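Colleague: Could you take me slowly through one part of this model, namely the aromatic rings and the charged side chains that pair with one another? I am new to this, so please explain each step as you go.

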Amino acid sequence: MPKGKGKGAQGKRVTLKMAKNLIRVSFSGRRRLDLSKMGITSFPKCILELADVEELDLSRNMLKKIPNTIEKFQNLLWLDLHSNQIDELPKTIGTLQNLTFLNVCNNKLTTKSLPEELNLLKSLRTLNLGLNCLESIPTTLGTLRELTELGLFDNALTSIPKSVKILPKMEKLNVKRNPLPEFAEPEEEEIDIVKRIETLHLVQEKDLCSSCLQMCRGEREEMHTLESMTPTPAHKPSFPSLLTPNSTARENQEEWRVR
């Protein structure tokens, strides 16, 4: 393989020349290298010669590993690795001290594959760990005092460290679709549609004033009307020719006899 080329899926190659042509300047003036949706299966070594970019997008590929050489990108402010097959992050990711945005959503990360060095990213403001296989997150993430947004959705988390929940600048903490007891939605109470009478007072008609007496009589007539409209249960079928115990029983069972 020629020097400076990295082979991707389906025979695709990422060359240094190709990578240079994919560098764009964002609205904020940052230089972004966009290698997303290219079917890359391994980190292209050739892009180490472009390590001065401020933004790197390797999302929606088939990457399984991020090499330790990611530490060469010391100018990185923005790193997007979402929707790959990454099962481990290198410890050297903690050297990217200028990083403010890190997205590793929709990968195969587990609790053990999260390096402790993540707590060294003191400038980090957005961290997306959603759609992974995390059963817990390290309490050391509570040292990321600049975090304003943390995505933990669609994992297997049963608790969130207090140090994370009380981060001073946290604006959005997404923990949806995790088996977290504290965030479980309460069951809806069954609504009783029947109007209940709490207190019933019995009085004679002679003790009522004319208006109250008229109202009571009207409600009684309405109740009788409703009763007349209520369908009566159908008569039970009778089978006089059957003399087994499964037939219609008589009031006195001693009258059973065999004809």
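Modeller: What follows takes the aromatic rings in turn and then moves to the charged side chains. Please keep in mind that this is a predicted model.

A pair of aromatic rings is described by the distance of the centres and the angle of the planes. In this structure there are two aromatic pairs. One of them joins Phe43 and Phe73, whose ring centres lie 6.4 Å apart while their planes meet at 85 degrees, and because planes over 60 degrees apart count as edge-to-face, that is the name this pair receives. As for their places in the chain, Phe43 belongs to the loop between β4 (31-34) and β5 (55-57), whereas Phe73 belongs to the loop between β5 and β6 (78-80), so the pair ties together parts that are 30 residues apart in sequence. To say whether a residue is buried, we ask whether its relative accessible area is under 20%. Phe43, at 10% relative accessibility, counts as buried, and Phe73 is buried as well, with a relative accessible area of 0%.

Trp78 and Phe101 also form an aromatic pair, and here the arrangement is stacked, with 5.1 Å from centre to centre and 10 degrees between the planes. This pair, too, links distant parts of the chain, since Trp78 sits in strand β6 and Phe101 in strand β7 (residues 101-103), 23 residues apart. Trp78 is buried, with a relative accessible area of 14%, and Phe101, at 18% relative accessibility, counts as buried too. Trp78 has a charged neighbour in addition, for Arg32 lies over the face of its ring, at 4.1 Å from the ring centre.

That brings us to the charged side chains. Side chains of opposite charge can pair when their charged atoms come close. The count of salt bridges in this model comes to seven, and I will describe some of them. The side chains of Glu55 and Arg30 meet in a salt bridge with an N to O distance of 3.2 Å. Glu55 is in strand β5 and Arg30 is in the loop between β3 (23-25) and β4, so that this pair links parts of the chain 25 residues apart. If you look at how accessible the two partners are, Glu55 counts as buried at 3% relative accessibility, while Arg30, at 25%, counts as partly exposed.

Arg31, in strand β4, and Asp52, in the loop between β4 and β5, are 21 residues apart, and their side chains meet in a salt bridge of 3.4 Å, N to O. Both ends can be placed on the accessibility scale: Arg31 is partly exposed, with a relative accessible area of 28%, and Asp52 counts as partly exposed at 40%.

Further along the chain, Glu146 forms a salt bridge with Lys169, the closest N and O atoms being 2.8 Å apart. Glu146 lies in the loop between β8 (126-128) and β9 (149-151), and Lys169 in the loop between α2 (162-165) and β10 (172-174), which puts the partners 23 residues apart. Glu146 counts as partly exposed at 28% relative accessibility, and Lys169 is partly exposed with 41%.

Finally, salt bridges that share partners join Arg30, Arg32 and Glu55 into one network. Arg32 therefore appears twice in this picture, as a member of that network and as the side chain over the face of Trp78.

Key: Residues are numbered from 1 along each chain as its sequence is written. This is a predicted model: local features need pLDDT of at least 70, side-chain atom pairs count only at pLDDT 80 or more; totals for chains, interfaces and linings use all residues. Side-chain values use heavy atoms; hydrogens and water are left out. Rings of Phe, Tyr and Trp (its six-membered ring) pair if their centres lie within 6.5 Å; planes under 30 degrees apart count as stacked, over 60 as edge-to-face and the rest as tilted. Helices (H or I, at least four residues) and strands (E, at least two) are DSSP runs, numbered from the N terminus. Buried means under 20% relative accessible area, exposed over 50%, partly exposed in between (1.4 Å probe, protein chains only). A charge sits over a ring if NZ of Lys or CZ of Arg is within 6 Å of the ring centre and within 35 degrees of the ring normal. A salt bridge is a side-chain nitrogen of Lys or Arg within 4 Å of a carboxyl oxygen of Asp or Glu.
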